Amino acid sequence: MTPFIRMTKAEILRVGLALGVPYRETWSCYQNNDRACGVCSSCHYRREAFRACGIPDPIEYEE
Ligand SMILES: [Zn+2]
């Protein structure tokens, strides 16, 4: 099943926030570094979703 396939990243983020997902403990980056790169497509979409929701992303980025 693919319950999120038709939702935007911002909509998925809101569902996670409503469920109490600890986003500080989550990882979206495609790179294998100590901190998320902030520029790969996955970081880009994650940051865009947090911006769209008007809340700060709780993780630190390389750039
Ligand atoms: Zn990244």
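Let me begin where the two helices touch: Lys9, Ala10, Leu13 and Arg14 of H1 are in contact with Tyr45, Glu48, Ala49, Phe50, Ala52 and Cys53 of H2. Sorted by class, this contact between H1 and H2 comprises seven nonpolar residues, three charged residues and no polar ones. I should state at once that we are looking at a predicted model.

Now to the geometry of that contact. Two packed helices are described by the angle between their axes together with the distance between those axes. Here helix H1, which covers residues 9-18, packs against H2 at an angle of about 70°, and the two axes lie 8 Å apart. H1 is therefore roughly perpendicular to H2, since angles from 65 to 115 degrees fall in that class. As for handedness, the crossing of H1 and H2 is right-handed.

Let me turn to the chain as a whole. Its secondary structure consists of two helices, with zero strands. How does the radius of gyration of the chain stand against that of a compact globule? For 63 residues, a compact globule would have a radius of gyration near 11 Å, and the chain has 12 Å, which agrees. Along the principal axes, the C-alpha trace spans about 30 × 25 × 20 Å. Of the 63 residues, 10% count as buried. On the contacts, I consider those between residues at least 6 apart in sequence: 49% of them join residues at least 24 apart.

I would like to close with two individual positions outside the helices, beginning with Thr8. Thr8 is located in the segment before H1. Is Thr8 buried, exposed or partly exposed? Thr8 counts as partly exposed because 13 C-beta neighbours lie inside 10 Å, and the partly exposed class sits between the limits of 12 or fewer for exposed and 20 or more for buried. Thr8 and Tyr45 are separated by 37 residues in sequence, while their C-alpha atoms are 9.7 Å apart in space. Tyr45 is also one of the H2 residues that meet H1.

The second position is Glu60, in the segment after helix H2, which itself runs over 41-53. Glu60 has 10 other C-beta atoms within 10 Å and is therefore exposed, the limit for that class being 12 or fewer. Which distance separates Glu60 from Cys37 in space? From C-alpha to C-alpha it is 9.1 Å, with the two residues 23 apart in sequence.

How values were computed
Residues numbered from 1 in each chain as written. Predicted model: local features only at pLDDT ≥ 70, side-chain atom pairs only at ≥ 80, totals over all residues. Helix = DSSP H or I, 4+ residues; strand = E, 2+ residues; numbered from the N terminus. Axes fitted to C-alpha atoms, helices over the stretch in contact; angles between N-to-C directions. Parallel < 35°, antiparallel > 145°, perpendicular 65-115°, else oblique. Left-handed = near helix turned anticlockwise from the far one by under 90°. Contact = placed C-beta atoms within 7 Å. Nonpolar A, V, L, I, M, F, W, Y, C, P; charged D, E, K, R; others polar. Rg over C-alpha atoms; globule rule 2.2 N^0.38 Å.
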